[in-house]
Amino acid sequence: VELSVQNYYFSFLFVQVFLVVSVASGALAALGDTFKNPAEIPTILAKNLPKASNYFFSYMIVQALSVSAGNLLQIGSLLGWLIMPKLFDNTARQKWTRNTSLPRVQWGRYFPTYTNFACIALIYSTVAPLITIFAIITFTTLWIANRYSMLYVYKHTEDTGGLLYPRAINQTFTGLYVMELCLIGLFFLVRDADNNAACIPQAIIMIICVVFTALFQILLNQAFSPLFEHLPITLEDEAVLRDEAFERAQAAKWA
């Protein structure tokens with residue numbers, strides 16, 4: 001269930017948060033000139049698309065500050081710990097259960113949020129490099145808050161066998177592909193003084209980069225796909241050796 005939620009939630013975030021905002025920002029700017037010269041719409045979109053980065057600057061900072069503050073303060077848990085026992089807990093067992101129960105992590109919603117941040121930072125790093133600074137601030141703040149929460153706040157009840165991380169890596173490639181496609185489109189739109197395409201070689205290089213990126217992702221998954229379902233035999237051998245060494249140490253101790 002968590003793996004399925006990760007896929008669907010990332011798709012929703014990428015389309016709703018990134019694509020809709022980016023396309024709408026450029027489309028609204030182009031509506032005024034649509035009827036004047038429809039042939040200029042791609043150029044107008046290329047010029048106005050970077051302006052959508054202003055929204056993502058504030059979006060990433062607000063998300064980082066709000067999420068990190070919520071993780072550190074834990075207002076809901078604090079109120080529940082102070083007020084709820086007085087209203088609903090009548091026995092010692094109920095009070096003990098509430099005091100010892102920790103909130104659990106919903107991994108299916110946890111990973112896609114940060115994967116989407118990474119995709120946004122990758123895509124806009126070419127058309128609005130300033131977003132790199134905001135991405136560093138965002139991920140640093142979230143790392144500090146989430147590190148504290150993972151150690152002292154949350155309880156881990158669902159085990160996905162480590163499959164969430166490689167899936168998040170594959171989803172991050174979405175940002176790479178969109179970034180490369182945006183660069184290809186921008187290079188093809190560049191015109192010189194004679195209104196001729198001026199960056200055809202750069203566009204061809206980016207097309208080659210897309211092909212190599214896809215090949216790298218395929219080879220990466222082929223290399224690590226056996227580990228998604230099975231542990232390497234070397235780990236089993238090491239575990240057996242450690243067990244044997246422990247048994248010998250225990251036997252020598254009792255002898």
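**Exercise 1. Place Ser 225 and classify its exposure: is Ser 225 buried, partly exposed or exposed?**

Step 1. Take the accessibility. In this predicted model, Ser 225 has a relative accessible area of 34%.

Step 2. Apply the cut-offs. Buried means under 20%, and exposed means over 50%. The value of 34% falls in between, so Ser 225 is partly exposed.

Step 3. Find its element. Ser 225 sits in the loop that links H10 to helix H11 (233-254).

Step 4. Look across the fold. Pro 166 is 59 residues away from Ser 225 along the chain, yet their C-alpha atoms are 9.4 Å apart.

**Exercise 2. Do the same for Ser 149: is Ser 149 buried or exposed?**

Step 1. Locate the residue. Ser 149 belongs to helix H8, which spans residues 131-152.

Step 2. Take the accessibility. The relative accessible area of Ser 149 is 0%. The cut-off for buried is under 20%, so Ser 149 is buried.

Step 3. List its partners. Setting aside neighbours within four places in sequence, Ser 149 touches Asn 71 and Tyr 154.

Step 4. Set this against the whole chain. Of its 255 residues, 28% count as buried.

**Exercise 3. Describe how H9 and H10 pack: what is the angle between them, and how far apart are their axes?**

Step 1. Identify the helices. H9 covers residues 164-189, and H10 covers residues 200-224.

Step 2. Read the geometry. The angle is about 165 degrees, and the axes lie 8 Å apart.

Step 3. Name the arrangement. Angles over 145 degrees count as roughly antiparallel. H9 and H10 are therefore roughly antiparallel.

Step 4. Give the handedness. H9 and H10 make a left-handed crossing.

Step 5. Sort the contact residues. Between H9 and H10 there are 16 nonpolar residues, five polar and one charged.

**Exercise 4. Summarise the fold: how many helices and strands does the chain have?**

Step 1. Count the elements. The chain has 11 helices and zero strands.

Step 2. Write the order. Along the sequence, the pattern reads α-α-α-α-α-α-α-α-α-α-α.

Step 3. Check the range of the contacts. Take those with a separation of 6 or more: 79% of them join residues 24 or more positions apart.

**Exercise 5. Judge the confidence: which helix has the lowest mean, and which the highest?**

Step 1. Start with the average. The chain has an average pLDDT of 79, and 81% of the residues score at least 70.

Step 2. Find the extremes. Confidence is lowest in helix H2 (residues 41-48), with a mean of 58, and highest in H10, at 91.

Step 3. Draw the lesson. Where pLDDT is low, predicted coordinates should not be read in detail.

Conventions:
Residues numbered from 1 in each chain as written. Predicted model: local features only at pLDDT ≥ 70, side-chain atom pairs only at ≥ 80, totals over all residues. Heavy atoms only, no water. Axes fitted to C-alpha atoms, helices over the stretch in contact; angles between N-to-C directions. Helix = DSSP H or I, 4+ residues; strand = E, 2+ residues; numbered from the N terminus. Parallel < 35°, antiparallel > 145°, perpendicular 65-115°, else oblique. Left-handed = near helix turned anticlockwise from the far one by under 90°. Nonpolar A, V, L, I, M, F, W, Y, C, P; charged D, E, K, R; others polar. Buried < 20%, exposed > 50% of the residue type's maximum accessible area, 1.4 Å probe, protein only. Contact = heavy atoms within 4.5 Å. pLDDT = per-residue confidence, 0-100.
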